[in-house]
Amino acid sequence: MDPTIIWYLVGGVLLAAVVIVGFVAVGRRSALRRGQDRAELPTESSAGGTVAAPPEDEAEVVDRPKTAATEPTTDGSTEVAEPEVAEPAAPELERPEPRQSRLARLRQRLAGSGNALSRGLLTLLSRDRIDEETWEDFEDTLLTSDLGVGPTTELVETLRTRFRVDGISDPHQARGILREELIKLVDPSLDRSLATRRGETPAVVLVVGVNGTGKTTTVGKLARVLVAEDNDVLLGAVDTFRAAAADQLQTWGERVGVPTVRGPEGADPASVAFEAVQAGIEQEVDAVLIDTAGRLHTKAGLMDELGKVKRVIERQAPVTEVLLVLDATTGQNGLTQARIFAEVVDVTGIVLTKLDGSAKGGIVIQVQRELGVPVKLVGLGEGADDLAPFEPESFVDALLETPAAAA
């Protein structure tokens, strides 16, 4: 074959190979550029720069919390909605019973208690004929109900005179006269209101009493009474010697949303009382209730300390009320306690607890005569709202089990 033709053929093959290689190279470059462009699509960051977006076919493994939701707007764009923040649930507070509800329930309970004084009065009224022996039995009943010698003698002589002069034989008339004379003995003229109204400073109520009378419980129940009357209250746990006293009082307060000021176990009671009143002044509460230690009235040092607590409090605000808590079942021992406490802290009112079927109701009359101080509150049970203002007429009606007591 002619060499010239051979060279043309070789040249054509080489040219074809170069063209093919060129096309392949261009194709691969285009493919690489498309892949790079796809991987580097820009997205706007919150700072105005760009961040790499993940490939569309790649799954997101970590679940991220949604901090905001998007909502469509009228122009087609999206608007970020504010995230909803879950508010912590507020503790559910108890709602104390109103005054009238407590009074009605306590009257019914007292009327059904059948205590010694009530039984003695009803025995007198149930007799067909009231002779000397009947009067002696009646007098003994009054004495055993802690009415006291003076009030007992006075009541018996008055009743005997009125029954004889008026010729009383009808039990209904006898009941009316007995009711009148008992109310006189209980003395409705005494001021039984609580000095818990705020003045320039909060009212300060000092609650005192020996161990076991229900003093801390009474403070908690009194806080409920005041809260039910729309008062702002603060508690002071000044009994720093009994380990559970502050915890017990704080629990009572938390149930109705009342704060408690407390100190470490064994702290100076006067110091804790001072801080409680100071907090009450700063928070502008209506009343500060101070629960003191359950002092043994036979220990002079402890009684002196109680006097110190009162003096320290009065550097900031006057003590408007001093309530002495007495267990109605303690009888004459309760009177001894009352006398000594009255000498130290000028008691202004009595709280009688446990005035139920086991109590001797005559203590109400005797303690008032001994101290010249009214019974202001009574408690008849363990319930949270078993504390109510003492009302002479209601008390007597309950003892006689008249319809008024059951109303």
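Select Val 208 and Leu 324 to begin: Leu 324, in β9, is the bridge partner of Val 208. Strands here are DSSP runs of E with at least two residues, helices are runs of H or I with at least four residues, and both are numbered from the N terminus. The model is predicted, so local features need pLDDT of at least 70 and side-chain atom pairs count only at pLDDT 80 or more, whereas totals for chains, interfaces and linings use all residues. Residues are numbered from 1 along each chain as its sequence is written, and side-chain values use heavy atoms, with hydrogens and water left out.

**Strand β5 and its neighbours**

Extend the selection to β5 (203–208). Six of its six residues are buried, where buried means under 20% relative accessible area, exposed over 50% and partly exposed in between (1.4 Å probe, protein chains only). Ala 203, Val 205 and Val 207 point one way from β5, and Val 204, Leu 206 and Val 208 point the other way.

Next, show the strands that pair with β5; two strands pair if DSSP finds at least two bridges between them. β5 and β9 are parallel and share five bridges. β5 and β8 are also joined in the parallel sense over five bridges, and Leu 206 stands opposite Ile 290 in β8.

**The whole sheet**

Now display the open sheet of eight strands, whose order is β7-β6-β8-β5-β9-β10-β11-β12, with mixed pairing. At its edges lie β7 (260–262) and β12 (387–389), each of which pairs on one side only. The twist averages 25 degrees from one strand to the next. Strands of a sheet pair through backbone hydrogen bonds, either parallel or antiparallel.

Move along to β11 (residues 375–379), which pairs with β12 in the antiparallel sense over three bridges. Two residue pairs can be labelled here: Leu 377 stands opposite Pro 389 in β12, and Gly 379 has Leu 387 in β12 as its bridge partner. On the β10 side, three bridges join β10 (residues 349–353) to β11 in a parallel arrangement, with Ile 350 opposite Val 375. Five of the five residues of β11 are buried, so this strand is largely enclosed by the rest of the structure.

**Helices across the sheet**

Select α9 (residues 269–283), which lies across β5, β6 (233–237), β7 and β8 (287–291) and runs at about 165 degrees to β6. Axes are lines fitted to C-alpha atoms, for helices over the stretch in contact, and angles run from 0 to 180 degrees between N-to-C directions. The 15 residues of α9 should span 21 Å at 1.5 Å a residue, and its end C-alpha atoms are 21 Å apart, which agrees; the expected span is 1.5 Å times one less than the number of residues. Buried residues of α9 include Val 272, Ala 273, Ala 276, Val 277 and Gly 280. Just after α9, inspect Glu 284, which takes a positive phi of about 55 degrees.

Then select α11 (residues 332–345), which lies across β5 and β9 (319–327) at about 165 degrees to β9.

**The nonpolar cores**

Colour the largest nonpolar core next: it has 66 residues, and those with the most contacts inside it are Leu 159, Ile 313, Ile 350 and Leu 352. The largest share of this core, seven residues, comes from α6 (residues 171–186). A second, separate core of 22 residues includes Val 205, Val 225, Ala 237 and Val 256. A nonpolar core is a set of buried Ala, Val, Leu, Ile, Met, Phe, Trp, Tyr and Cys residues joined through side-chain atoms within 4.5 Å.

Centre the view on Ile 350, which touches, among others, Leu 324, Leu 326, Val 367, Val 375 and Leu 377, not counting residues up to four places away in sequence. Contact means heavy atoms within 4.5 Å.

**Asp 247 and the full chain**

Select Asp 247, found in α8 (residues 245–255). Asp 247 is partly exposed, with a relative accessible area of 40%. Its C-alpha lies 8.7 Å from that of Ala 237, which is 10 residues away in sequence.

Finally, zoom out to the protein chain, with its 14 helices and 12 strands. Buried residues make up 41% of its 407 residues. Among contacts between residues at least 6 apart in sequence, 74% join residues at least 24 apart.
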